[in-house]
Number of protein chains: 2
Amino acid sequence: MVNKKCIIRLLRYKNALHRLNSLGFVKVFSDNLADAVGVTASQVRKDFSLFGICGNKRGGYQIEALLGKLNHILGKNEQQKVVIVGGGNIGAALMKYKGFEKEGVKIAACFDIDPAKYNHKEGDIPVLPLEQLRDFVRQNHIKIGVIAVPDIAAQQVLDLMLAAGIKGVLNFAPIRLRAASDCVINNVNLVLELETVIYFIINGLEKSIAEIHEEQKS
Amino acid sequence: MVNKKCIIRLLRYKNALHRLNSLGFVKVFSDNLADAVGVTASQVRKDFSLFGICGNKRGGYQIEALLGKLNHILGKNEQQKVVIVGGGNIGAALMKYKGFEKEGVKIAACFDIDPAKYNHKEGDIPVLPLEQLRDFVRQNHIKIGVIAVPDIAAQQVLDLMLAAGIKGVLNFAPIRLRAASDCVINNVNLVLELETVIYFIINGLEKSIAEIHEEQKS
DNA sequence: TTTTTATAGTGAAAAAAATCACAAAATGGC
DNA sequence: GCCATTTTGTGATTTTTTTCACTATAAAAA
Ligand SMILES: NC(=O)c1ccc[n+]([C@@H]2O[C@H](COP(=O)([O-])OP(=O)(O)OC[C@H]3O[C@@H](n4cnc5c(N)ncnc54)[C@H](O)[C@@H]3O)[C@@H](O)[C@H]2O)c1
Ligand SMILES: NC(=O)c1ccc[n+]([C@@H]2O[C@H](COP(=O)([O-])OP(=O)(O)OC[C@H]3O[C@@H](n4cnc5c(N)ncnc54)[C@H](O)[C@@H]3O)[C@@H](O)[C@H]2O)c1
């Protein structure tokens, strides 16, 4: 009932509300949010209904109250700590990106097997030996990890992460990971994302499709 | 009818077939492919049926013939050229990654406004001034672009791309792009991808969910 | 105060996607 | 060559997701 697409929509509503809030708006209607996020007003109301979120008939939603509820549902009230394993191209890009911290996601540390990648510079995100992953994750009660190692190492890194207590993983390696214990794995395969665009273009489907986030017509 | 999810599955079948082929296998059954990709055998057959792909009753599919058909549908017979705009963290990571070329996707050039990013070194992917985007895209008949510039510049870069003749875009900037002309936009929002994992973990949904590729139950 | 109007909330309907289930066909064994 | 078995291809069914449509209600207007 609550699937990834739905959560992504909630996150988008939250972002749109945040913008509206900082522009000084106090209330919002389902169709304003719908416009901002690119869905229908029904979809917005249905999503809220699913999470027991109520507004005021004819009065819309109070932005602050709504933000509060969404932030609670989405775990945005406390900062979430994550670790990255693999400080190469992707791992380094993620570490340099400020957008995670802005959204309350703290990259607590990165782990690598290559000593050349280690980094203890004050102010930077620490890059530590992989051997320290387990203790670090346990001591900092970290539940989320990012896999940014070469494909052949990804399964082994997942196993280490799960053994250390990590429950959710964002995986950039283009392989199918096998998980023994209960966990959530979200795969991001950038090659497939690009190949999908290529498919739609070489098949001349750009005329019927404007945006393919999940699937949307123009 | 044919949506992004379906194309991603086709691409996965293709990759699985490629592996099987190089292991020396000659034929494959729908349930082998299903296992390899993590879907049901019905789904595999339905997808093929949608594209008019036939196998042999009781004989499965000839891997080579099947690969040929999928490659044709997916445009894998000719190399596809793409350009990147924005040679920063993400752009540079993509340029260094060998996985695109392996899949027949050639990053022909990158464009930036920062002269410090320019690169004409032989063997590297050229990083050129943004002003050259239009001519380069036209001369090389490029139809696909990647947006890896800061959020504020993304819309303006999209407009430039479309004006130059680009039809399909992979966009890493976490904003909603507006496109006048017919084009395909595939948004990759890494922050949302990570936040989705966080949602499922803090709500203790890892017990019921193993993998959140597209859809998940609570 | 009463009326008008706009919008939330939600069950019903529709659309889309996935799965089922089974006839048809091909293979291999005997 | 015939039979038993396996697997495809696809219409039917089910499940999931989205949209519709209408009621209740709160705000504004009269
Ligand atoms: N770079 C990209 O643009 C890109 C695009 C798509 C997919 N990917 C995928 O992302 C992953 C990372 O790619 P990348 O380009 O950053 O690779 P990379 O080679 O630049 O970096 C990998 C890092 O992981 C480290 N590493 C290797 N084995 C390890 C292990 N067992 N434990 C800990 N660290 C280990 C290496 O030392 C290196 O620092 C790969 O699976 C790749 O397929 C990358
Ligand atoms: N780095 C990440 O891990 C990450 C994660 C999620 C999203 N993103 C998004 O990806 C995009 C790029 O991120 P980044 O970290 O690579 O940024 P970055 O600042 O490292 O790189 C941006 C590059 O774009 C160039 N640029 C700026 N304006 C330009 C213009 N008008 N035309 C051409 N080039 C221009 C800059 O010179 C720079 O080289 C951003 O929108 C960001 O929000 C990045």
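How do the residues of the surface near DNA strand D divide into nonpolar, polar and charged? There are four nonpolar, nine polar and 11 charged ones. Keep in mind as you look around that this is a predicted model. Below is a quick tour: the DNA surface, then the ligand 2 site, then a strand in chain A, and finally three single residues worth clicking on.

**Around DNA strand D**

- Start with the residues that come nearest: out of 24 around DNA strand D, these are N3(A), S30(B), G55(B), R58(B) and Y61(B).
- Now flip to the DNA side, where sugar and phosphate make up 62% of the atoms of strand D that come within 4 Å of the protein.
- Two of those nearest residues reach phosphate oxygens of strand D: a polar side-chain atom of N3(A) sits 2.4 Å from one, and a polar side-chain atom of Y61(B) sits 2.7 Å from one.
- R58(B) goes for a base instead, with an N or O atom of its side chain 2.5 Å from a base oxygen of strand D.
- As for helices, α1 (4-22) and α3 (41-50) of chain A, plus α3 (41-50) of chain B, are the elements giving two or more residues to this surface.
- α3(A) supplies the largest share, with four residues.

**Around ligand 2**

- Ligand 2 has 24 residues around it, and the nearest are Y97(A), I90(B), D112(B), K117(B) and V149(B).
- Chains A and B both put residues around ligand 2, so this site is shared between chains.
- What kinds of residues make up the shell around ligand 2? By class, 16 are nonpolar, four are polar and four are charged.
- Oxygen atoms of ligand 2 show up in two polar contacts with chain B: one pairs with a polar backbone atom of I90(B) at 2.8 Å, and one pairs with a side-chain N or O atom of D112(B) at 2.5 Å.
- A nitrogen atom of ligand 2 gets involved too, lying 3.5 Å from a polar backbone atom of I113(B).
- On its own, ligand 2 has 820 Å² of accessible area, and the protein covers 88% of that.
- The elements that hand over two or more residues to the shell are α5 (89-96) of chain A, along with α5 (89-96) and α8 (151-164) of chain B.
- Of these, α8(B) gives the largest share, three residues.

**Strand β6 of chain A**

- In a regular strand, side chains alternate between the two faces of the sheet.
- Strand β6 (residues 144-147) of chain A is covered on both faces: I144(A) and V146(A) are buried on one side, and G145(A) and I147(A) are buried on the other.
- Strand β3 (residues 80-85) of chain A runs parallel to β6(A), and four bridges join the two.
- Strand β7 (residues 168-171) of chain A also pairs with β6(A) in the parallel sense, again over four bridges.
- You can follow this pairing through V146(A): V146(A) is the bridge partner of I84(A), and L170(A) in β7(A) is the bridge partner of V146(A).

**Three residues to click on**

- A34(B) belongs to helix α2 (residues 30-37) of chain B.
- Is A34(B) buried or exposed? A34(B) is buried, because its relative accessible area is 3% and the cut-off for buried is under 20%.
- Setting aside neighbours within four places in sequence, A34(B) is in contact with V39(B), T40(B), A41(B) and V44(B).
- A bit further along the chain, R45(B) is 11 residues from A34(B), and their C-alpha atoms are 9.3 Å apart.
- N189(A) is found in the loop between β8 (184-187) and α9 (190-202) of chain A.
- With 12% relative accessibility, N189(A) still counts as buried.
- A polar side-chain atom of N189(A) lies 3.2 Å from the backbone nitrogen of V191(A).
- G168(B) is part of strand β7 (residues 168-171) of chain B, and at 0% relative accessibility G168(B) is buried.
- Which residues does G168(B) touch, not counting those up to four places away in sequence? They are V197(A) and I201(A) from chain A, and K143(B), I144(B), G145(B) and V184(B) from chain B.
- One of these, V184(B), is 16 residues from G168(B) along the chain, yet their C-alpha atoms are separated by 4.6 Å.

Notes. Residues numbered from 1 in each chain as written. Chains lettered and ligands numbered in written order. Predicted model: local features only at pLDDT ≥ 70, side-chain atom pairs only at ≥ 80, totals over all residues. Heavy atoms only, no water. Near = heavy atom within 4 Å. Polar contact = N/O pair within 3.5 Å; in protein donor to acceptor, adjacent residues only side chain to side chain. Nonpolar A, V, L, I, M, F, W, Y, C, P; charged D, E, K, R; others polar. Buried < 20%, exposed > 50% of the residue type's maximum accessible area, 1.4 Å probe, protein only. Contact = heavy atoms within 4.5 Å. Areas by Shrake-Rupley, 256 points an atom, 1.4 Å probe, with all protein chains shown as cover. Pairing = 2+ DSSP bridges.
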